[in-house]
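Visitor: Hi, could you walk me through this one? I'd like to go through the helices and sheets bit by bit.

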2 protein chains.
Amino acid sequence: MKTKFPRPKLIVVGSVALDSIATQHASKKDILGGSASFACAAASFFTAAGMVGIVGRDFPARHTALFRRLGIDLAGLRRVRGKTFRWSGVYERDMNVRRTLATHLNVFESFSPELPPGYVNAPFIFLANISPQLQLRVLEQARRPRFVAADTMDLWIKTERKSLEKVIGKVDMLLINDSEALDLTGCRNAVAAAKRLMNMGPSRIVIKKGEHGSMLFSRKSVFLMPAFPVAEVHDPTGAGDSFAGGLMGKLAGLDGLTESCFRQAILAATVMGSFCVEGFSLDGLKNLSKQDIAKRSSALRAMT
Amino acid sequence: MKTKFPRPKLIVVGSVALDSIATQHASKKDILGGSASFACAAASFFTAAGMVGIVGRDFPARHTALFRRLGIDLAGLRRVRGKTFRWSGVYERDMNVRRTLATHLNVFESFSPELPPGYVNAPFIFLANISPQLQLRVLEQARRPRFVAADTMDLWIKTERKSLEKVIGKVDMLLINDSEALDLTGCRNAVAAAKRLMNMGPSRIVIKKGEHGSMLFSRKSVFLMPAFPVAEVHDPTGAGDSFAGGLMGKLAGLDGLTESCFRQAILAATVMGSFCVEGFSLDGLKNLSKQDIAKRSSALRAMT
């Protein structure tokens, strides 16, 4: 797809999906989802972000239009014959419990991400949740990025552990759920798991704990951030991706890697995650103003 | 029991127990436990605390000696014919999951707490986890305390709901676990539950989330505090009581009820809870120095 935007400062590779989701409140069919969609949308409020991914011919033009309206560069989003990746799942009353009903890779089955010329020098790269082999493919094409982060999920720990370990060995920061961190390392608690993961390569580890917030570890420090207490969670899908997108977007926007930058970025991440869960799909993110974000950031700062 | 201590600024009513506990690491039989034991021990580092409770003739003198060494006033601790209250339980590998094996009320069956003369004017009162009827008995005897807080547990929500609601209607602050707050109110999340609970009387609600920290609600503000990340949890028993004791002890020590006092108190509470879980029984608390506490408080402050 063509683009009219400046070179992205942050590139995000990940999934673009049509999700079918049932919560205790509502059911939605074929709504816009995917790790790259949430991460880019969240990042777009802080920096020039570019999306690397793939969709099928059935991908509605209104979604592409939404990405563009958010200022997301789409030079790396391929559109090919076939159907868009689809995921469907059900949340129980306790929204921390999710069952996957179906995953149809569709166009992702034969996808090999290729960075457009303007992307290979991007200083910030976020490898959103997607197969570690595809994450590695992106890294191979990048020229000396300043800071690379990766997210992952339980599926890859089970099915592509070797590739995932390779990814972890090549990135500056890993984002991972608390339960996945324990699974991956065999450790009994987050502190030990984070240490183990840092020994695999990354200088920073972010342990995501959903409604319980997050922990940022470096070799010298720990930073603890509670989640923003939202009045009602409508759909947790994409919260972790929005968190990560907010984090990487803010970091790219600040253009710095000091401890203070990371802490500001974790705050932004927490705020974007909280907006995400207040609606289905990108509904909680897509109409935000910078003022909304600033207001909630101040509120969260006052609570901590 | 006689006392040589100054009038307590904080009185704590609760259980004094001999616990038998099995974790995945170790099993211990008849070790010192009980909500009043943990709460008083934690509070003792910040203020003059007095314990109201009951033990049997089998209660080892070394435990009473430990309380005294910590500076806890024991004028309100009765020792009667019969056996001390006993609780036994097992923790699963995931230490958040606990099964009660047995509860023997013993001397608690016929206990009716009576405040010694020096206690009725205490400005701070903590009704630690114990039957709400006993909590009410203490409140009836207190003369115009400045600040009263209560803790509770799922058992009383199920078996003594009416009395518990009466307690909640009479206290300034309620401490309660996240899952218990949802149970008690029928709300789906902590924010809604805290609002509902404040409508029942208390001006402040503390939602305890174990390893995920705590939330302090007032009608005007929310304060979010992550837990201190301990390297290894040895025994979570008493963590909530130590948290509450640290909170009330610090509040009494500061002798103030401003928002800043409460935030300092929540920090102290979090620190005392974290020391508690590092050992069985009162092992994590009993040999602390003020320096240990100050050091961990600074560390936690730096992480948040």
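Guide: Happy to! A term to begin with: buried means under 20% relative accessible area, exposed over 50%, and partly exposed in between (1.4 Å probe, protein chains only). This is a predicted model, where local features need pLDDT of at least 70, side-chain atom pairs count only at pLDDT 80 or more, and totals for chains, interfaces and linings use all residues. Residues are numbered from 1 along each chain as its sequence is written, chains are lettered from A and ligands numbered from 1 in the order in which they are written, and side-chain values use heavy atoms, with hydrogens and water left out.

Visitor: Cool. Which residues of H2(B) are exposed, on the face turned away from its buried side?

Guide: That face carries B:Ala61, B:Arg62 and B:Arg69. Helices (H or I, at least four residues) and strands (E, at least two) are DSSP runs, numbered from the N terminus.

Visitor: And which ones are buried in helix H2?

Guide: In H2 of chain B, residues 61-69, the buried ones are B:His63, B:Thr64, B:Leu66 and B:Phe67. They lie on the same side of H2(B) because they cover an arc of only 155° around the axis, taking the directions from the helix axis to the C-beta atoms.

Visitor: What covers them?

Guide: The cover includes strands S2 (17-22), S3, S4 (49-56) and S5 (73-80) and helices H1 (35-43) and H10 (283-286) of chain B, where contact means heavy atoms within 4.5 Å.

Visitor: Switching to S4(B): how many of its residues are buried?

Guide: 8 of its 8. B:Ala49, B:Met51, B:Gly53 and B:Val55 point one way, while B:Gly50, B:Val52, B:Ile54 and B:Gly56 point the other.

Visitor: Which strands does S4(B) pair with?

Guide: S1 (residues 10-13) of chain B runs parallel to S4(B), with 4 bridges, and S5(B) is also parallel to S4(B), with 6 bridges. Two strands pair if DSSP finds at least two bridges between them. B:Val13 stands opposite B:Val52 in S4(B), and B:Gly50 has B:Asp73 in S5(B) as its bridge partner.

Visitor: New topic: what is the strand order in the open sheet of 4 strands?

Guide: S3-S2-S6-S7 in chain B, with mixed pairing. Strands S3 (27-33) and S7 (98-104) stand at the edges with a single partner strand each, so one side of each has no neighbour in the sheet.

Visitor: How do S6 and S7(B) run, parallel or antiparallel?

Guide: Antiparallel, with 6 bridges joining S6 (residues 85-91) of chain B to S7(B). Among the partners there, B:Gly89 is bridged to B:Thr100 in S7(B).
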